[in-house]
Amino acid sequence: MNILTTESQRHREGEEQKDPRTSAIIGAAIEVHRQLGPGLLESAYEECLCHELHLRGLAFERQVALPVSYKGLQLDCGYRIDLIVEREVVVELKAVEKILPIHEAQLLTYLKISGKHVGLLINFDVPLLTQGIIRRIL
């Protein structure tokens, strides 16, 4: 590992720690990743992250239905937000080789449709979890 990578990671971690809305969630996700590592299904990480959030006293809702509203018509299209933590932060979990632009677009759309302003996209299929976290604020 080179010095630039280490400095960049420390800067990112410092930035994430400044936001109390997301720092506890990121800490919980890091603990899950430390215990399990990469390579499992998203559902396993979701289950363990929920347990970790519970242990930390964070309120959350899981698999929250997200109806789509179109010109006054409410459509139940089967969209679900993985987690909403403390009624404020949308958390989308992934266990994929690489985060793609469509994954980020999904998070931003979920934020817009849900009326929430803070979102985390967490990909557990990485060697170091801080490389798999994207935070977005609308």
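Here is a walk through this structure, from its sheet to its helices and then to some side-chain contacts. Keep in mind that what you're looking at is a predicted model.

Let's start with the sheet. Five strands make it up, lined up in the order S1-S4-S5-S6-S7, and the sheet is open, with mixed pairing. Look at the ends of that row: S1 and S7 (133–137) are the edge strands, and each has a single partner strand, so one side of each has no neighbour in the sheet. The strands aren't lined up perfectly, either: on average, neighbours in this sheet are turned by 25° against each other, if you ignore direction.

Now zoom in on one edge. S6 (residues 118–123) and S7 run antiparallel, and five bridges join them. If you'd like a spot to find by eye, try Gly119, whose bridge partner in S7 is Arg136.

Next come the helices that meet the sheet. Helix H2 (residues 20–36) lies across S4 (80–85), S5 (89–94), S6 and S7, and it runs at about 15° to S6. Helix H3 packs on the sheet too, where it touches S1, S4 and S5. The direction of H3 makes about 145° with that of S1.

H3 and S1 are also linked through charged side chains. Which residues does Arg62 reach by salt bridges? One is Glu46, with the closest N and O atoms 2.7 Å apart. That pair links distant parts of the chain, since Arg62 sits in strand S1 (residues 60–65) and Glu46 in helix H3 (residues 42–55), 16 residues apart. Another is Glu47, at 2.9 Å from N to O. Here again S1 is tied to H3, this time across 15 residues.

Are these three residues buried or exposed? Buried means under 20% relative accessible area, so Glu46, at 6%, counts as buried. Arg62 is partly exposed at 35%, and Glu47 is partly exposed as well, at 45%.

There's more charge pairing elsewhere. Glu52 forms a salt bridge with Arg56, their closest N and O atoms being 2.9 Å apart. Glu52 is buried at 14% relative accessibility, while Arg56 is partly exposed at 40%. Then there's a small group to look for: Asp19, Arg21 and Arg135 are joined into one network by salt bridges that share partners. Over the whole structure, the search turns up seven salt bridges.

Let's finish with the aromatic rings, where a search of the whole structure finds two pairs. In one of them, the ring centres of Tyr45 and Phe124 are 4.4 Å apart and the planes are at 5°, so this pair is stacked. Tyr45 belongs to helix H3 and Phe124 to the loop between S6 and S7, which puts the two 79 residues apart in the chain. How buried are they? Tyr45 has a relative accessible area of 1%, and Phe124 comes in at 0%, so both count as buried.

The other pair is Tyr79 with Tyr110. Their centres are 6.4 Å apart and their planes stand at 70°, so this one is edge-to-face. Tyr79 is in the loop between strand S3 (73–75) and S4, whereas Tyr110 is in helix H4 (residues 101–114), so the pair ties together parts that lie 31 residues apart in sequence. Tyr79 is partly exposed, at 41%, but Tyr110 is buried, at 7%.

Definitions and conventions: Residues are numbered from 1 along each chain as its sequence is written. This is a predicted model: local features need pLDDT of at least 70, side-chain atom pairs count only at pLDDT 80 or more; totals for chains, interfaces and linings use all residues. Side-chain values use heavy atoms; hydrogens and water are left out. A salt bridge is a side-chain nitrogen of Lys or Arg within 4 Å of a carboxyl oxygen of Asp or Glu. Helices (H or I, at least four residues) and strands (E, at least two) are DSSP runs, numbered from the N terminus. Buried means under 20% relative accessible area, exposed over 50%, partly exposed in between (1.4 Å probe, protein chains only). Two strands pair if DSSP finds at least two bridges between them. Axes are lines fitted to C-alpha atoms, for helices over the stretch in contact, and angles run from 0 to 180 degrees between N-to-C directions. Contact means heavy atoms within 4.5 Å. Rings of Phe, Tyr and Trp (its six-membered ring) pair if their centres lie within 6.5 Å; planes under 30 degrees apart count as stacked, over 60 as edge-to-face and the rest as tilted.
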